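Trainee: Before we discuss charged residues and internal space, could we look at the model together and settle the terms as we go?

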Amino acid sequence: MMRDCVTIQSEYDTRKKEDDMRTWRDNIRTVEPYTPGEQPKDKNVIKLNTNENPYGPSPRVSLLQEDMEELRLYPDPAAALLTDGIADYHGVDAGQVFVGVGSDDVLAMAFMTFFNSSLPILFPDVTYSFYDVWAELFRIPYEQPKLDPEFRIRKEDYYKENGGVIFPNPNAPTGICEGLEFVEDILRHNQDAVVIVDEAYIDFGGQSALPLLDQYDNLLIVRTFSKSRSMAGLRIGYAIGSPELIQAMSNVKYSFNSYTMNRPALLLGAESLKDEEYFRETIEKIIRTRTWFGEELKKLGFTFPESKANFLFARHERENAEDIFIAAKQNGIYLRHFDQPRVKDYLRITVGTDAQMQALLEFLKNYLN
Ligand SMILES: *Cc1c(COP(=O)(O)O)cnc(C)c1O
(Lines give C-alpha, C1' and ligand atoms only; values in the text may rest on other atoms or scores of the structure.)
Protein backbone atom coordinates (compact mmCIF):
# COMPACT_ATOMS: atom_id res chain seq x y z
CA MET A 1 0.00 0.00 0.00
CA MET A 2 1.32 3.42 -0.90
CA ARG A 3 1.31 6.15 1.68
CA ASP A 4 0.66 9.66 0.47
CA CYS A 5 3.15 12.47 0.71
CA VAL A 6 1.25 14.29 3.42
CA THR A 7 1.49 11.30 5.77
CA ILE A 8 5.19 10.94 5.11
CA GLN A 9 5.79 14.62 5.73
CA SER A 10 3.88 14.58 9.00
CA GLU A 11 5.75 11.50 10.21
CA TYR A 12 8.95 13.28 9.36
CA ASP A 13 7.88 16.40 11.28
CA THR A 14 7.01 14.37 14.37
CA ARG A 15 10.29 12.52 14.24
CA LYS A 16 12.19 15.77 13.81
CA LYS A 17 10.45 17.31 16.81
CA GLU A 18 11.38 14.28 18.92
CA ASP A 19 14.89 14.53 17.55
CA ASP A 20 15.19 18.17 18.59
CA MET A 21 14.38 17.17 22.15
CA ARG A 22 16.92 14.39 22.39
CA THR A 23 19.33 15.08 25.21
CA TRP A 24 22.54 14.49 23.31
CA ARG A 25 22.01 17.93 21.86
CA ASP A 26 22.22 19.39 25.35
CA ASN A 27 25.53 17.65 25.84
CA ILE A 28 27.36 18.98 22.82
CA ARG A 29 30.25 21.24 23.68
CA THR A 30 29.31 24.45 21.93
CA VAL A 31 31.89 27.17 21.47
CA GLU A 32 32.18 30.38 19.52
CA PRO A 33 35.26 29.54 17.44
CA TYR A 34 38.26 31.76 16.76
CA THR A 35 38.07 33.55 13.41
CA PRO A 36 41.42 33.40 11.61
CA GLY A 37 42.37 36.09 9.07
CA GLU A 38 41.29 35.46 5.50
CA GLN A 39 43.47 33.29 3.25
CA PRO A 40 42.43 34.45 -0.23
CA LYS A 41 42.85 31.94 -3.10
CA ASP A 42 44.09 34.65 -5.44
CA LYS A 43 47.91 34.61 -5.27
CA ASN A 44 48.17 38.12 -6.70
CA VAL A 45 46.78 39.98 -3.72
CA ILE A 46 49.05 41.94 -1.41
CA LYS A 47 48.52 40.02 1.76
CA LEU A 48 49.10 42.11 4.88
CA ASN A 49 46.37 40.61 7.06
CA THR A 50 47.85 37.68 9.00
CA ASN A 51 51.38 38.74 9.96
CA GLU A 52 53.11 36.29 7.67
CA ASN A 53 56.71 36.92 6.70
CA PRO A 54 57.07 38.25 3.13
CA TYR A 55 60.46 36.54 2.68
CA GLY A 56 60.54 32.78 2.33
CA PRO A 57 62.09 30.49 4.90
CA SER A 58 65.84 29.85 4.80
CA PRO A 59 66.98 28.15 1.56
CA ARG A 60 68.15 25.28 3.81
CA VAL A 61 64.50 24.45 4.38
CA SER A 62 63.89 21.81 1.71
CA LEU A 63 63.23 18.08 1.65
CA LEU A 64 65.37 15.36 0.06
CA GLN A 65 64.07 12.28 -1.75
CA GLU A 66 65.11 10.08 1.21
CA ASP A 67 63.05 12.25 3.54
CA MET A 68 60.09 11.64 1.25
CA GLU A 69 60.65 7.88 1.35
CA GLU A 70 60.59 7.96 5.14
CA LEU A 71 57.11 9.46 5.16
CA ARG A 72 55.77 5.90 5.47
CA LEU A 73 57.22 5.74 8.98
CA TYR A 74 55.71 7.35 12.05
CA PRO A 75 57.67 10.36 13.26
CA ASP A 76 59.60 10.35 16.54
CA PRO A 77 56.94 10.94 19.22
CA ALA A 78 59.50 12.86 21.31
CA ALA A 79 60.34 15.05 18.29
CA ALA A 80 63.97 14.89 19.50
CA LEU A 81 65.60 16.36 16.38
CA LEU A 82 63.62 19.57 16.68
CA THR A 83 63.49 19.68 20.47
CA ASP A 84 67.27 19.26 20.71
CA GLY A 85 67.80 21.88 18.00
CA ILE A 86 65.67 24.41 19.85
CA ALA A 87 67.36 23.58 23.16
CA ASP A 88 70.82 24.11 21.61
CA TYR A 89 69.73 27.31 19.93
CA HIS A 90 68.54 28.85 23.19
CA GLY A 91 71.16 27.24 25.44
CA VAL A 92 68.67 25.33 27.59
CA ASP A 93 68.23 21.62 28.35
CA ALA A 94 66.13 19.49 26.01
CA GLY A 95 63.93 18.74 29.04
CA GLN A 96 62.93 22.40 29.07
CA VAL A 97 61.48 22.36 25.55
CA PHE A 98 58.04 21.27 24.34
CA VAL A 99 57.12 21.38 20.63
CA GLY A 100 53.72 21.47 18.99
CA VAL A 101 51.71 22.07 15.83
CA GLY A 102 52.18 25.82 15.76
CA SER A 103 52.12 27.82 18.96
CA ASP A 104 48.32 27.61 18.88
CA ASP A 105 48.64 23.90 19.66
CA VAL A 106 51.27 24.58 22.32
CA LEU A 107 49.13 27.29 23.93
CA ALA A 108 45.98 25.17 23.90
CA MET A 109 47.94 22.35 25.55
CA ALA A 110 49.32 24.79 28.13
CA PHE A 111 45.82 26.08 28.97
CA MET A 112 44.66 22.50 29.48
CA THR A 113 47.70 21.56 31.56
CA PHE A 114 48.11 24.59 33.81
CA PHE A 115 44.83 26.45 34.10
CA ASN A 116 42.76 24.18 36.32
CA SER A 117 42.09 26.43 39.29
CA SER A 118 38.64 27.65 40.25
CA LEU A 119 40.13 31.16 40.35
CA PRO A 120 39.97 33.10 37.08
CA ILE A 121 42.97 33.31 34.80
CA LEU A 122 43.93 36.82 33.70
CA PHE A 123 44.74 38.26 30.27
CA PRO A 124 44.25 41.72 28.73
CA ASP A 125 40.94 42.83 27.19
CA VAL A 126 42.72 43.66 23.94
CA THR A 127 44.97 40.74 23.07
CA TYR A 128 45.27 37.60 20.97
CA SER A 129 41.67 36.59 20.45
CA PHE A 130 42.31 32.88 20.81
CA TYR A 131 42.78 33.12 24.60
CA ASP A 132 39.12 33.61 25.46
CA VAL A 133 38.16 30.89 22.96
CA TRP A 134 40.39 28.32 24.75
CA ALA A 135 39.17 29.50 28.14
CA GLU A 136 35.58 28.93 26.97
CA LEU A 137 36.43 25.60 25.35
CA PHE A 138 38.17 24.24 28.45
CA ARG A 139 35.69 25.94 30.82
CA ILE A 140 38.37 27.96 32.54
CA PRO A 141 37.06 31.03 34.38
CA TYR A 142 38.78 34.20 33.16
CA GLU A 143 38.96 37.95 33.61
CA GLN A 144 40.28 40.49 31.14
CA PRO A 145 41.75 43.58 32.81
CA LYS A 146 41.56 46.61 30.52
CA LEU A 147 44.64 47.98 28.81
CA ASP A 148 45.26 51.61 29.76
CA PRO A 149 44.19 54.36 27.33
CA GLU A 150 47.60 54.10 25.58
CA PHE A 151 46.95 50.36 25.12
CA ARG A 152 49.60 49.40 27.68
CA ILE A 153 49.14 46.47 30.05
CA ARG A 154 48.70 47.73 33.65
CA LYS A 155 50.88 45.40 35.68
CA GLU A 156 48.99 46.20 38.91
CA ASP A 157 45.93 44.48 37.43
CA TYR A 158 47.87 41.22 37.64
CA TYR A 159 48.71 41.47 41.34
CA LYS A 160 45.49 39.89 42.53
CA GLU A 161 44.91 36.22 43.24
CA ASN A 162 44.32 34.26 40.06
CA GLY A 163 44.42 30.84 38.43
CA GLY A 164 47.11 31.82 35.94
CA VAL A 165 48.32 34.68 33.75
CA ILE A 166 48.92 34.88 30.01
CA PHE A 167 49.86 37.79 27.81
CA PRO A 168 51.73 38.21 24.54
CA ASN A 169 54.91 40.28 24.56
CA PRO A 170 54.87 42.17 22.22
CA ASN A 171 51.11 42.30 22.69
CA ALA A 172 48.91 41.58 19.69
CA PRO A 173 47.33 43.40 17.95
CA THR A 174 48.92 46.52 19.51
CA GLY A 175 52.57 45.62 18.83
CA ILE A 176 53.61 47.17 22.16
CA CYS A 177 56.49 45.38 23.88
CA GLU A 178 57.23 45.63 27.60
CA GLY A 179 60.73 45.27 29.03
CA LEU A 180 62.21 42.54 31.18
CA GLU A 181 61.55 44.41 34.45
CA PHE A 182 57.87 44.62 33.63
CA VAL A 183 57.64 40.89 32.93
CA GLU A 184 59.63 40.10 36.06
CA ASP A 185 57.35 42.32 38.14
CA ILE A 186 54.34 40.28 37.02
CA LEU A 187 56.21 37.06 37.78
CA ARG A 188 57.24 38.29 41.22
CA HIS A 189 53.60 38.98 42.04
CA ASN A 190 52.47 35.61 40.72
CA GLN A 191 54.50 32.88 42.36
CA ASP A 192 51.43 30.70 42.92
CA ALA A 193 50.26 30.43 39.33
CA VAL A 194 51.77 29.60 35.98
CA VAL A 195 52.61 32.73 33.97
CA ILE A 196 52.70 32.27 30.19
CA VAL A 197 54.47 34.84 28.03
CA ASP A 198 53.50 34.42 24.38
CA GLU A 199 56.55 35.61 22.46
CA ALA A 200 55.16 35.08 18.94
CA TYR A 201 56.72 38.40 17.80
CA ILE A 202 59.72 38.73 20.12
CA ASP A 203 62.31 38.35 17.35
CA PHE A 204 61.29 41.65 15.75
CA GLY A 205 63.10 43.76 18.33
CA GLY A 206 61.68 42.91 21.77
CA GLN A 207 63.47 41.70 24.87
CA SER A 208 62.78 38.05 25.63
CA ALA A 209 61.89 36.72 29.07
CA LEU A 210 64.32 33.80 28.56
CA PRO A 211 66.85 35.19 31.10
CA LEU A 212 64.13 34.89 33.79
CA LEU A 213 63.76 31.13 33.37
CA ASP A 214 66.49 30.30 35.88
CA GLN A 215 64.73 32.21 38.63
CA TYR A 216 61.08 31.41 37.95
CA ASP A 217 60.01 27.80 37.58
CA ASN A 218 56.40 28.90 36.98
CA LEU A 219 57.32 30.82 33.79
CA LEU A 220 56.41 29.34 30.41
CA ILE A 221 57.62 31.10 27.26
CA VAL A 222 55.82 30.22 24.03
CA ARG A 223 57.33 30.86 20.60
CA THR A 224 56.53 30.12 16.97
CA PHE A 225 58.30 29.46 13.66
CA SER A 226 55.36 31.09 11.85
CA LYS A 227 56.41 34.72 11.88
CA SER A 228 60.13 35.40 12.23
CA ARG A 229 61.11 32.07 10.61
CA SER A 230 58.55 32.41 7.84
CA MET A 231 57.21 28.88 8.28
CA ALA A 232 53.52 29.42 9.08
CA GLY A 233 52.57 26.72 6.59
CA LEU A 234 54.52 23.99 8.41
CA ARG A 235 52.96 24.63 11.83
CA ILE A 236 55.79 24.65 14.37
CA GLY A 237 55.57 26.19 17.81
CA TYR A 238 57.33 25.54 21.10
CA ALA A 239 57.39 26.30 24.77
CA ILE A 240 60.38 26.72 27.08
CA GLY A 241 60.01 26.38 30.82
CA SER A 242 61.18 24.45 33.86
CA PRO A 243 61.47 20.66 33.41
CA GLU A 244 58.48 20.26 35.71
CA LEU A 245 56.21 22.40 33.51
CA ILE A 246 57.46 20.71 30.33
CA GLN A 247 56.96 17.22 31.79
CA ALA A 248 53.38 18.11 32.74
CA MET A 249 52.67 19.32 29.20
CA SER A 250 54.22 16.20 27.68
CA ASN A 251 52.02 14.01 29.85
CA VAL A 252 48.94 15.81 28.55
CA LYS A 253 50.20 15.52 24.98
CA TYR A 254 50.85 11.78 25.27
CA SER A 255 47.32 11.38 26.64
CA PHE A 256 45.98 13.00 23.51
CA ASN A 257 48.08 12.36 20.39
CA SER A 258 51.66 11.10 20.51
CA TYR A 259 52.49 12.15 16.95
CA THR A 260 51.64 15.82 16.81
CA MET A 261 54.76 16.75 14.83
CA ASN A 262 55.08 15.34 11.32
CA ARG A 263 58.40 14.32 9.78
CA PRO A 264 58.80 17.30 7.42
CA ALA A 265 58.12 19.72 10.27
CA LEU A 266 60.80 18.07 12.43
CA LEU A 267 63.41 18.06 9.66
CA LEU A 268 62.71 21.49 8.26
CA GLY A 269 62.32 23.16 11.62
CA ALA A 270 65.75 21.85 12.61
CA GLU A 271 67.23 23.11 9.31
CA SER A 272 65.84 26.60 9.83
CA LEU A 273 67.65 26.86 13.16
CA LYS A 274 71.00 26.28 11.41
CA ASP A 275 70.72 29.40 9.27
CA GLU A 276 71.17 32.25 11.71
CA GLU A 277 72.54 34.55 9.02
CA TYR A 278 69.43 34.37 6.86
CA PHE A 279 67.23 34.69 9.95
CA ARG A 280 68.99 37.88 11.09
CA GLU A 281 69.04 39.34 7.59
CA THR A 282 65.31 38.94 6.93
CA ILE A 283 64.38 40.27 10.36
CA GLU A 284 66.58 43.32 9.81
CA LYS A 285 64.85 43.92 6.50
CA ILE A 286 61.42 43.76 8.13
CA ILE A 287 62.49 46.14 10.92
CA ARG A 288 63.89 48.62 8.37
CA THR A 289 60.67 48.46 6.36
CA ARG A 290 58.62 48.90 9.53
CA THR A 291 60.51 52.10 10.39
CA TRP A 292 60.32 53.58 6.90
CA PHE A 293 56.68 52.62 6.34
CA GLY A 294 55.70 53.98 9.76
CA GLU A 295 57.18 57.38 8.93
CA GLU A 296 55.27 57.47 5.64
CA LEU A 297 52.07 56.40 7.37
CA LYS A 298 52.39 59.29 9.84
CA LYS A 299 52.67 61.76 6.97
CA LEU A 300 49.25 60.53 5.79
CA GLY A 301 47.61 61.28 9.14
CA PHE A 302 47.86 57.88 10.80
CA THR A 303 49.00 57.27 14.37
CA PHE A 304 50.08 54.01 15.99
CA PRO A 305 51.81 52.80 19.12
CA GLU A 306 55.51 51.99 18.75
CA SER A 307 55.65 48.46 17.41
CA LYS A 308 58.20 45.76 18.16
CA ALA A 309 56.31 43.28 15.99
CA ASN A 310 56.02 42.69 12.24
CA PHE A 311 52.86 44.79 12.06
CA LEU A 312 51.58 48.28 12.89
CA PHE A 313 48.30 48.95 14.64
CA ALA A 314 47.22 52.22 13.09
CA ARG A 315 44.27 54.58 13.08
CA HIS A 316 43.60 57.55 10.85
CA GLU A 317 42.81 60.99 12.26
CA ARG A 318 39.48 61.17 10.39
CA GLU A 319 38.81 58.23 8.06
CA ASN A 320 36.84 55.21 9.19
CA ALA A 321 39.05 52.13 9.53
CA GLU A 322 36.48 49.65 8.26
CA ASP A 323 35.90 51.74 5.13
CA ILE A 324 39.65 51.76 4.43
CA PHE A 325 39.78 48.02 5.07
CA ILE A 326 36.99 47.37 2.53
CA ALA A 327 38.38 49.72 -0.11
CA ALA A 328 41.89 48.25 0.25
CA LYS A 329 40.51 44.76 -0.21
CA GLN A 330 38.69 45.84 -3.37
CA ASN A 331 42.08 47.03 -4.57
CA GLY A 332 43.70 43.67 -3.83
CA ILE A 333 45.33 44.69 -0.56
CA TYR A 334 44.30 42.65 2.48
CA LEU A 335 44.58 44.28 5.91
CA ARG A 336 43.06 43.19 9.22
CA HIS A 337 40.21 45.00 10.93
CA PHE A 338 38.67 43.88 14.22
CA ASP A 339 35.04 44.81 14.62
CA GLN A 340 35.24 45.20 18.39
CA PRO A 341 34.40 48.30 20.42
CA ARG A 342 37.86 49.35 21.63
CA VAL A 343 39.77 48.67 18.45
CA LYS A 344 37.28 49.26 15.65
CA ASP A 345 39.07 52.49 14.62
CA TYR A 346 42.30 50.59 13.97
CA LEU A 347 43.83 48.60 11.16
CA ARG A 348 46.45 45.96 11.78
CA ILE A 349 48.91 46.15 8.93
CA THR A 350 51.50 43.41 8.46
CA VAL A 351 54.94 44.64 7.39
CA GLY A 352 55.58 43.13 3.95
CA THR A 353 58.29 43.93 1.43
CA ASP A 354 59.17 47.54 0.57
CA ALA A 355 57.33 47.13 -2.74
CA GLN A 356 54.18 45.87 -1.03
CA MET A 357 54.21 48.71 1.48
CA GLN A 358 54.81 51.19 -1.32
CA ALA A 359 51.72 49.84 -3.12
CA LEU A 360 49.71 50.24 0.08
CA LEU A 361 50.94 53.83 0.50
CA GLU A 362 49.92 54.63 -3.09
CA PHE A 363 46.48 53.20 -2.44
CA LEU A 364 46.12 55.19 0.80
CA LYS A 365 47.23 58.44 -0.85
CA ASN A 366 44.59 58.00 -3.55
CA TYR A 367 41.96 56.97 -1.03
CA LEU A 368 42.58 59.97 1.23
CA ASN A 369 42.38 62.46 -1.65
C1 LIG B 1 50.41 34.18 15.28
C2 LIG B 1 50.25 34.08 16.78
C3 LIG B 1 50.21 32.84 17.42
C4 LIG B 1 50.10 31.53 16.71
O5 LIG B 1 51.01 31.23 15.83
P6 LIG B 1 51.15 29.77 15.22
O7 LIG B 1 51.13 29.98 13.76
O8 LIG B 1 50.02 28.91 15.72
O9 LIG B 1 52.46 29.30 15.74
C10 LIG B 1 50.18 32.81 18.80
N11 LIG B 1 50.13 33.93 19.52
C12 LIG B 1 50.11 35.14 18.94
C13 LIG B 1 50.05 36.35 19.78
C14 LIG B 1 50.15 35.25 17.55
O15 LIG B 1 50.06 36.42 16.97
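Mentor: Let us begin with a definition: a residue is buried under 20% relative accessible area, exposed over 50%, and partly exposed in between. Keep in mind throughout that this is a predicted model.

Trainee: By that rule, is R60 buried, partly exposed or exposed?

Mentor: The relative accessibility of R60 is 38%. Because buried means under 20% and exposed means over 50%, R60 counts as partly exposed.

Trainee: Which residue forms a salt bridge with R60, with closest N and O atoms 2.9 Å apart?

Mentor: The partner belongs to helix 8 (residues 263-273), whereas R60 lies in the loop between strand 1 (46-47) and helix 2 (65-69), and the two are 211 residues apart. At 19% relative accessibility this partner counts as buried. The residue that forms this salt bridge with R60 is E271.

Trainee: Turning to R229, which residue is its nearest side chain of opposite charge?

Mentor: R229 is found in the loop between strand 7 (219-224) and strand 8 (237-241), and it is buried yet has no salt bridge. A salt bridge needs a side-chain nitrogen of Lys or Arg within 4 Å of a carboxyl oxygen of Asp or Glu, and the nearest side chain of opposite charge is 4.5 Å away from R229. That side chain belongs to E276.

Trainee: With which side chain does the side chain of R229 make a polar contact?

Mentor: Leaving aside residues up to four places away in sequence, R229 touches P57, Y89, S272, L273, E276 and F279. The polar contact in question, at 3.1 Å, is with the side chain of S272.

Trainee: Which helix gives the most to the lining of the largest cavity?

Mentor: The count comes to two cavities of 30 Å³ or more, and the largest has a volume of about 60 Å³. Its lining includes R229 and S272, along with N53, P57, Y278, F279 and T282 among others. The helix that gives the most, with three residues, is helix 9 (residues 276-299).

Trainee: Which residue forms a salt bridge with E295?

Mentor: E295 and its partner both lie in helix 9, three residues apart, about one turn of the helix. E295 counts as partly exposed at 43% relative accessibility, and the partner is partly exposed as well, with a relative accessible area of 45%. With the closest N and O atoms 3.6 Å apart, the partner of E295 is K298.

Terms used: Residues are numbered from 1 along each chain as its sequence is written. This is a predicted model: local features need pLDDT of at least 70, side-chain atom pairs count only at pLDDT 80 or more; totals for chains, interfaces and linings use all residues. Side-chain values use heavy atoms; hydrogens and water are left out. Helices (H or I, at least four residues) and strands (E, at least two) are DSSP runs, numbered from the N terminus. Buried means under 20% relative accessible area, exposed over 50%, partly exposed in between (1.4 Å probe, protein chains only). Lys and Arg count as positive and Asp and Glu as negative; His and the chain ends are not counted. A polar contact is a pair of N or O atoms within 3.5 Å; within protein, one must be able to donate a hydrogen and the other to accept it, and residues adjacent in sequence count only if both atoms are side-chain atoms. Contact means heavy atoms within 4.5 Å. On a 1 Å grid over the protein atoms alone, a cavity is a set of points where a 1.4 Å probe fits but cannot get out, and a pocket is an open set with protein on both sides within 12 Å along at least five of seven lines; lining residues have an atom within 4 Å of a point. Grid points are joined across faces, edges and corners, and a volume is the space filled by probe spheres set on the points.
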